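Trainee: Before we settle on any wording for this model, could we go through the terms one by one and see what stands behind each of them?

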Amino acid sequence: MTNTEQESWSRVKGRLRAEVGDDVYSSWFARMDLEALDDATVRLSVPTRFLKSWIQSHYSERVLAAWRAEQANVDRIELTVRTGVLRPLPTKPAATDPAPSRDIHNGRANGEMRALNAPASNAHEALGGSALDPRLTFDTFVVGRSNALAHAAAKQVATARRNDPVMFNPLYIHGGVGLGKTHLLQAITWAGNASGERKVLYLTAEKFMYGFVSALRSQTALAFKESLRGINVLVIDDLQFLQGKSTQAEFCHTLDALIDGGRQVVVASDRPPSDLESLDDRVRSRLAAGLAVEMSSFGEELRLEILKSRMAAARQHHPDFDVPMPVLIYIAKTVTHNGRDLEGALNRLLAHSKLTGQPVTLELAEREMRDLVRPQEPKRVKIEDIQRVVARQYNVSRADLLSSRRTANVVRPRQVAMYLAKTLTLRSLPEIGRRFGGRDHTTVLHAVRKIEGLVGNDTALAEEIEGLKRQLQD
Ligand code: ADP
Ligand code: MG
């Protein structure tokens with residue numbers, strides 16, 4: 001290897017790094033070496049077969065192009081696995097978690113509680129499986145109207161047998177905070193592993209990314225791939241926390257590999273696949289291609305059932321803790337929406353009763369719950385609802401709104417709908433553009449400005465828009 005060749009190679013690496021970004025570069029290319037440069041053929045090597053096949057299938061064009069920019073006559077890249085340099089796998093991957101698990105913030109991590117045993121625990125170690133809460137099982141999950149579908153799908157996944165065909169892949173569960181997504185995901189994990197039928201690995205998105213990238217950096221890519229192979233069901237929680245474009249791209253390749261390999265993937269997120277704005281279209285469509293189920297806000301009935309079941313559980317440890325039915329009904333009526341607040345409400349009453357020894361009365365509950373009782377949160381408005389309501393108001397079809405037609409009778413309703421989407425939802429302009437037939441964000445911005453300008457002078461239009469807002473928010 002001449003000095004000039006080495007210098008060319010450094011420039012090629014620089015070009016690759018600039019193109020794919022630091023993260024991807026260090027995951028895939030940092031350990032690639034130049035072996036030889038024979039006329040038109042560049043011989044490169046990497047330490048593992050996994051890296052070789054990954055680079056070949058995902059980056060061969062890029063690598064070739066980077067070389068061509070350096071030396072126009074190059075027409076072939078040969079990639080080999082370096083022999084004899086495969087370092088022994090570290091017995092224990094040096095996994096210090098940089099991001100404390102979210103579960104711990106929620107105060108529910110039970111130390112080293114692990115659901116997986118035997119062969120799966122190797123994978124669990126290598127990937128840094130997230131802690132499981134022993135209380136989050138199907139037994140403690142109360143089924144109601146708002147979560148029945150998600151529950152049924154989760155049950156189906158949990159009870160499928162090893163060789164059953166995969167029915168929905170991925171199963172994608174979404175909904176707001178505290179509505180039971182993590183509960184269902186962990187229930188799947190407990191049930192699957194308890195039956196011994198399939199191995200289920202539960203990971204937060206952060207853990208997944210961390211395990212993935214760090215496994216590659218510590219040269220255990222092969223071990224990582226192997227350990228994933230031993231998993232039948234991969235469960236990923238809080239997908240919305242996947243950060244960084246390039247790491248997401250790598251995450252997606254893995255997802256592809258799992259799904260194509262017939263392994264079940266279950267994902268939870270606080271938003272539907274179409275709203276995961278930072279993921280690219282291909283990934284979003286992959287995620288949406290299985291079954292996406294929404295968990296919606298609890299109704300009062302479900303809140304009461306959850307409270308009753310919580311009470312029953314609490315009384316196993318605190319037999320003299322008693323909350324009369326009227327108090328439970330009061331809590332179910334006033335503490336709205338979310339499972340965490342319900343839990344918090346009962347915990348307060350429990351603490352009070354333990355500390356003072358006084359019986360729990362309605363009066364006490366009213367006093368204690370004061371700050372948990374929030375004014376009704378404004379309803380989350382969906383872009384589809386906006387399109388539907390606007391289409392009906394102006395007597396056009398929803399397809400018209402999404403179409404490229406520019407006749408006046410569609411243009412104005414379309415602008416109104418975009419304006420409402422911007423003002424009633426938290427969606428970004430590019431996201432709104434996508435949801436309106438793949439329009440550019442500048443088009444959306446133009447529509448928003450246009451309507452803002454008009455409502456100032458046109459009281460009829462202003463009233464019309466107020467009416468639409470009311471319809472959507474009630
Ligand atoms: P998410 O992951 O959707 O934010 P969690 O699964 O963490 O919500 O639920 C928050 C709390 O509410 C947990 O303590 C959970 O056990 C409880 N919870 C939510 N839904 C139910 C349900 N259907 N039955 C019993 N408990 C529930
Ligand atoms: Mg959760």
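Mentor: Let us start with an enclosed space: in this predicted model, the largest cavity is lined by Gln156, Ala160, Asp164, Pro165, Val166, Met167, Arg198 and Gln264.

Trainee: What makes these residues the lining of the largest cavity?

Mentor: A lining residue must have an atom within 4 Å of a cavity point, and Gln156, Ala160, Asp164, Pro165, Val166, Met167, Arg198 and Gln264 are therefore named as the lining. By class, this lining divides into four nonpolar, two polar and two charged residues.

Trainee: What volume does the largest cavity have, and how many cavities of 30 Å³ or more does the structure hold?

Mentor: The volume of the largest cavity is about 50 Å³, and the structure holds one cavity of 30 Å³ or more.

Trainee: Turning to the ligand, which residues come nearest to ligand 1?

Mentor: Of the 20 residues around ligand 1, the nearest are Val142, Gly178, Lys181, Thr182 and His183. By class, the shell around ligand 1 has seven nonpolar, eight polar and five charged residues, and helix 7 (181-195), helix 12 (300-317) and helix 14 (339-356) each supply at least two residues of that shell.

Trainee: Why is the approach of Gly180 to ligand 1 called a polar contact?

Mentor: The term requires a pair of N or O atoms within 3.5 Å, and a backbone N or O atom of Gly180 lies 3.1 Å from an oxygen atom of ligand 1, so this pair satisfies the definition. For Arg310 an N or O atom in the side chain is 3.1 Å from an oxygen atom of ligand 1, and for Glu343 a polar side-chain atom lies 3.2 Å from an oxygen atom of the ligand; these pairs therefore also count as polar contacts. The protein covers 97% of the 560 Å² of accessible area that ligand 1 has on its own.

Trainee: Is Asp39 buried or exposed, and how do you know?

Mentor: Exposed means over 50% relative accessible area, and Asp39 has 66%, so Asp39 is called exposed. Asp39 is found in the loop between strand 1 (33-38) and strand 2 (41-46), and has a positive phi of about 50° although it is not a glycine.

Trainee: Why is Asp238 placed in its accessibility class?

Mentor: Buried means under 20%, and the relative accessibility of Asp238 is 15%, so Asp238 counts as buried. Its phi is near 55°, a positive value in a residue other than glycine, and its place is in the loop between strand 6 (233-237) and helix 10 (245-260).

Trainee: How do you know which class suits Thr336, and which suits Gly357?

Mentor: Thr336 has a relative accessible area of 8%, which is under 20%, so Thr336 is buried; Gly357, at 61%, is over 50% and therefore counts as exposed. Thr336 lies in the loop between helix 13 (325-334) and helix 14, and its C-alpha atom is separated by 7.9 Å from that of Glu300, 36 residues apart along the chain. Gly357 sits in the loop between helix 14 and helix 15 (362-369), with its C-alpha 9.3 Å from that of Phe321, although Gly357 and Phe321 are 36 residues apart in sequence.

Trainee: Finally, what is the value of omega for the peptide bond from Asn169 to Pro170?

Mentor: Omega is near -5°, and the bond is cis; Pro170 has its place in the loop between helix 6 (148-159) and strand 4 (171-174).

Key. Residues numbered from 1 in each chain as written. Chains lettered and ligands numbered in written order. Predicted model: local features only at pLDDT ≥ 70, side-chain atom pairs only at ≥ 80, totals over all residues. Heavy atoms only, no water. Near = heavy atom within 4 Å. Polar contact = N/O pair within 3.5 Å; in protein donor to acceptor, adjacent residues only side chain to side chain. Areas by Shrake-Rupley, 256 points an atom, 1.4 Å probe, with all protein chains shown as cover. Helix = DSSP H or I, 4+ residues; strand = E, 2+ residues; numbered from the N terminus. Nonpolar A, V, L, I, M, F, W, Y, C, P; charged D, E, K, R; others polar. 1 Å grid on protein atoms, 1.4 Å probe; cavity = no way out; pocket = protein on both sides within 12 Å on 5 of 7 lines; lining within 4 Å. Points joined across faces, edges and corners; volume = space filled by probe spheres on them. Buried < 20%, exposed > 50% of the residue type's maximum accessible area, 1.4 Å probe, protein only.
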